[in-house]
Every structure is written in C-alpha cells, then in structure tokens.
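Got a model open and not sure how to read its features? Let's go through it together, one feature at a time.

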Amino acid sequence: MSNLALTPNFGREADAFYAELIAAQAGLSDEQAADWMARLTLILCNHIGDREVLRQAFALAHEHHD
C-alpha cells in the first residue's frame, strides 16, 4: 500500500509554482477556472494512478474543506 507524500516537495520553488498555478488561470471567469481546475485534477489523478494514494488525498482535502 502506498502512502500520500505529505512533506513539502517543491523546495525553494514553492512560491514559483504557486505563481504559475495562479497565472495559468489568469483571464478565466470563476466558472472557467473551476472547470480548468477539475480538468487539471483529473489529469494529475490519472498520472498518479494509485487509487490508495488518491483516496488518502481525497480524505485529507475533505478534512481541510472548512
């Protein structure tokens, strides 16, 4: 069984990654940004491909939904 990696994995590039994530949604309406994020999520879930890891991620995201 695989475990979800929870330690920071971007090193010094975390701020640059966040800026790229935000820039990728520039000019999109809220609805378009939500659709874009859903497509990105499915692409990355497919790339991960480990359903146990994805279940762990779903649970963690749900915990921090507030």
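What follows is a short dialogue on reading this predicted model.

Q: Let's begin with helix length. How far apart should the ends of helix 2 be, going by its 19 residues?
A: The general idea is to allow 1.5 Å a residue and compare that with the end C-alpha atoms. For the 19 residues of helix 2, the expected span is 27 Å, and the end C-alpha atoms are 27 Å apart, so the two agree. You can try helix 3 as well: its 13 residues should span 18 Å, and its end C-alpha atoms are 18 Å apart, which agrees too.

Q: What happens to the backbone just after helix 2?
A: Look at the phi angle there. G49, just after helix 2, takes a positive phi of about 70°. On the helix side you have I48, which is in helix 2. I48 counts as partly exposed because its relative accessibility is 45%, and that falls between the 20% and 50% cut-offs. Leaving out residues up to four places away in sequence, I48 touches V53 and L54.

Q: Which residue caps the N-terminal end of helix 3?
A: For a cap, check for a side-chain oxygen by a backbone nitrogen at the helix end. Here D50 does the job, with a side-chain oxygen 3.0 Å from the backbone nitrogen of E52. The D50 side chain also makes a polar contact with the side chain of S2, at 2.7 Å.

Q: Where does S2 lie, then?
A: S2 is in the segment before helix 1. Its relative accessibility is 32%, so S2 counts as partly exposed. Setting aside neighbours within four places in sequence, S2 is in contact with D50, E52, V53 and Q56. Now set that beside its distance to A16: the two are 14 residues apart in sequence and 28 Å apart in space, C-alpha to C-alpha.

Q: How many salt bridges are there by the rule used here?
A: The count comes to one. R55 pairs with E52, and the closest N and O atoms are 3.4 Å apart.

Q: Why does the spacing of R55 and E52 in helix 3 suit a pair like that?
A: Here's the general idea: an α-helix has 3.6 residues a turn, so residues three or four places apart point the same way. In this case, R55 and E52 are three residues apart in helix 3 (residues 51–63), so about one helical turn separates them. R55 is partly exposed, with a relative accessible area of 42%. E52 is partly exposed as well, at 25%.

Q: Is Q25 buried or exposed?
A: Compare its relative accessibility with the cut-off: buried means under 20%. Q25 comes in at 18%, so it counts as buried. Q25 lies in the loop between helix 1 (14–23) and helix 2 (30–48). Not counting residues up to four places away in sequence, Q25 touches A33, W36 and M37.

Q: Which residues form a nonpolar patch on the surface?
A: To find a patch, look for nonpolar side chains that sit together on the surface. In this model the patch is F10, F17, Y18 and I22, with about 410 Å² of accessible area together. Take F17 as one of them: it lies in helix 1, and it is partly exposed with a relative accessible area of 33%.

How values were computed. Residues are numbered from 1 along each chain as its sequence is written. This is a predicted model: local features need pLDDT of at least 70, side-chain atom pairs count only at pLDDT 80 or more; totals for chains, interfaces and linings use all residues. Side-chain values use heavy atoms; hydrogens and water are left out. Helices (H or I, at least four residues) and strands (E, at least two) are DSSP runs, numbered from the N terminus. Buried means under 20% relative accessible area, exposed over 50%, partly exposed in between (1.4 Å probe, protein chains only). Contact means heavy atoms within 4.5 Å. A salt bridge is a side-chain nitrogen of Lys or Arg within 4 Å of a carboxyl oxygen of Asp or Glu. Patches are made of residues with over 30% relative accessible area and no salt bridge: like charges are joined within 9 Å, nonpolar side chains (Val, Leu, Ile, Met, Phe, Trp, Tyr) within 5 Å. Accessible areas come from the Shrake-Rupley method with a 1.4 Å probe; for residues, only the protein chains shown count as cover. The expected span of a helix is 1.5 Å times one less than its number of residues. A polar contact is a pair of N or O atoms within 3.5 Å; within protein, one must be able to donate a hydrogen and the other to accept it, and residues adjacent in sequence count only if both atoms are side-chain atoms.
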